[in-house]
Amino acid sequence: MKFVVIGGTGLIGSKLVSWLREHSHEAVAAAPDTGVNTLTGEGLADALQGASVVVDVSNSPSFEELAVMKFFTTSTRHLLESAAAAGVRHYVALSVVGTERIPDSPYLRAKNAQETLIKGAGIPYSIVHATQFFEFVKRIADEATDGTTVRLPPVLIQPMAADDVARAIGRVAVGAPVNGTVEVAGPQQFRFDELIRQDLGARNDPREVVVDPHARYFGAELGERSLIPAGDARLGEMRFEEWLNQPVLQREGSPPDVSSDRGRRTPRLAADPR
Ligand SMILES: NC(=O)c1ccc[n+]([C@@H]2O[C@H](COP(=O)([O-])OP(=O)(O)OC[C@H]3O[C@@H](n4cnc5c(N)ncnc54)[C@H](OP(=O)(O)O)[C@@H]3O)[C@@H](O)[C@H]2O)c1
């Protein structure tokens, strides 16, 4: 079975390609650097030839409202057309827990539009809803910073390690399509402010964390449970403190994998607004 991982050079994509190969599957990383551009459609037909499963873990380079909507809708239309033409039997996409519950967020509106296209395409599919990645927590703090203060609502969050996300989506991809959504999350729940305080403390970052019920999260006001799974989620194994205690390079990016098609060239932090 051939698996094509769209966004296969990114944070989750590179880990997923490795996981699939470790489990003896043929996995191809598709991204602009390997000649595949989902926005223009370039290289898609060739990359998907003979593919049984497509896993979309790509992300928009821009999170500006119109750009992010264009990325997820145009790319997904191109991908679905090419997947149908190639006879793909399972279409898997990574999205975010709470996507349908946080309509104020331009990013999540775009993810919702992506999901709607997938559900209506007629290809057997599985959508994986993941919670915020540990690798993304610093970016959340930066986004919520005003001067030396980080303002956050006192809501629940259940983040997870990118390694656990990749494993979870890998397991879904090798299984039968669920034609629905699978939720995955970390093993611990935190108050948002406590999580960010812990992350900043581990980095010796002196910013002060202040609780503000109306503080917005990437443009959206959150309810107590907006960011946590609605049902029985599959849980990752790694705890946040265990992740924080890893050496920085291991935690936030891995060196290039020269044995893969292109692998990841440079360590990179997660960078998108969830
Ligand atoms: N961060 C979180 O907390 C979180 C939580 C839940 C779900 N998610 C979802 O997880 C997914 C992956 O996130 P990530 O952090 O792994 O992303 P990432 O590291 O930013 O990687 C994005 C990937 O998409 C590729 N890409 C960008 N534009 C493309 C295009 N036009 N055509 C083909 N590929 C393109 C990138 O290639 P280049 O490097 O060559 O540009 C890269 O391989 C996203 O869909 C996101 O919504 C994230």
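These legends accompany close-up views of a predicted model, covering its sheet and the helices around it.

**View 1. Seven strands in one open sheet.** Here you can follow 7 strands in the order β2-β1-β3-β4-β5-β9-β12, with parallel pairing. The edge positions belong to β2 (26–30) and β12 (234–235); each has a single partner strand, so one side of each is left without a neighbour in the sheet. As a reminder, strands of a sheet pair through backbone hydrogen bonds, either parallel or antiparallel.

**View 2. Strand β1 beside strand β3.** Strand β1 (residues 2–6) pairs with strand β3 (residues 53–56) in the parallel sense, and 4 bridges join the two. To find your way along the pair, look for V4, whose bridge partner in β3 is V54. Helix α1 packs on the sheet, where it touches β1, β2, β3 and β4 (90–96). The direction of α1 makes about 170 degrees with that of β1. Helix α6 also packs on the sheet, and its contacts are with β1, β3, β4, β5 (125–130), β9 (181–185) and β12. Between the directions of α6 and β4 the angle is about 155 degrees.

**View 3. Helix α1 against helix α6.** Helix α1 (residues 11–22) packs with helix α6 (residues 162–174) at an angle of about 55 degrees, and their axes lie 9 Å apart. At that angle, α1 and α6 are therefore oblique to each other. The crossing of the two is right-handed. From α1, the contact draws on L11, I12, K15, L16, W19 and L20. From α6, the residues taking part are A162, D163, V165, A166, R167, I169, G170, R171 and V174. Sorted by character, the residues of this α1–α6 contact comprise 10 nonpolar, 1 polar and 4 charged.

**View 4. Helix α3 alongside helix α4.** The axes of helix α3 (residues 65–86) and helix α4 (residues 106–119) come within 8 Å and cross at roughly 15 degrees. Angles under 35 degrees count as roughly parallel, and α3 and α4 are therefore roughly parallel to each other. Their crossing is right-handed. On the α3 side, look for E65, V68, M69, F72, T73, T76, R77 and L80. Facing them in the contact, α4 contributes P106, Y107, R109, A110, K111, A113, Q114, L117 and I118. The residues of this α3–α4 contact divide into 10 nonpolar, 3 polar and 4 charged.

Note on methods: Residues numbered from 1 in each chain as written. Predicted model: local features only at pLDDT ≥ 70, side-chain atom pairs only at ≥ 80, totals over all residues. Heavy atoms only, no water. Axes fitted to C-alpha atoms, helices over the stretch in contact; angles between N-to-C directions. Parallel < 35°, antiparallel > 145°, perpendicular 65-115°, else oblique. Left-handed = near helix turned anticlockwise from the far one by under 90°. Contact = heavy atoms within 4.5 Å. Nonpolar A, V, L, I, M, F, W, Y, C, P; charged D, E, K, R; others polar. Pairing = 2+ DSSP bridges.
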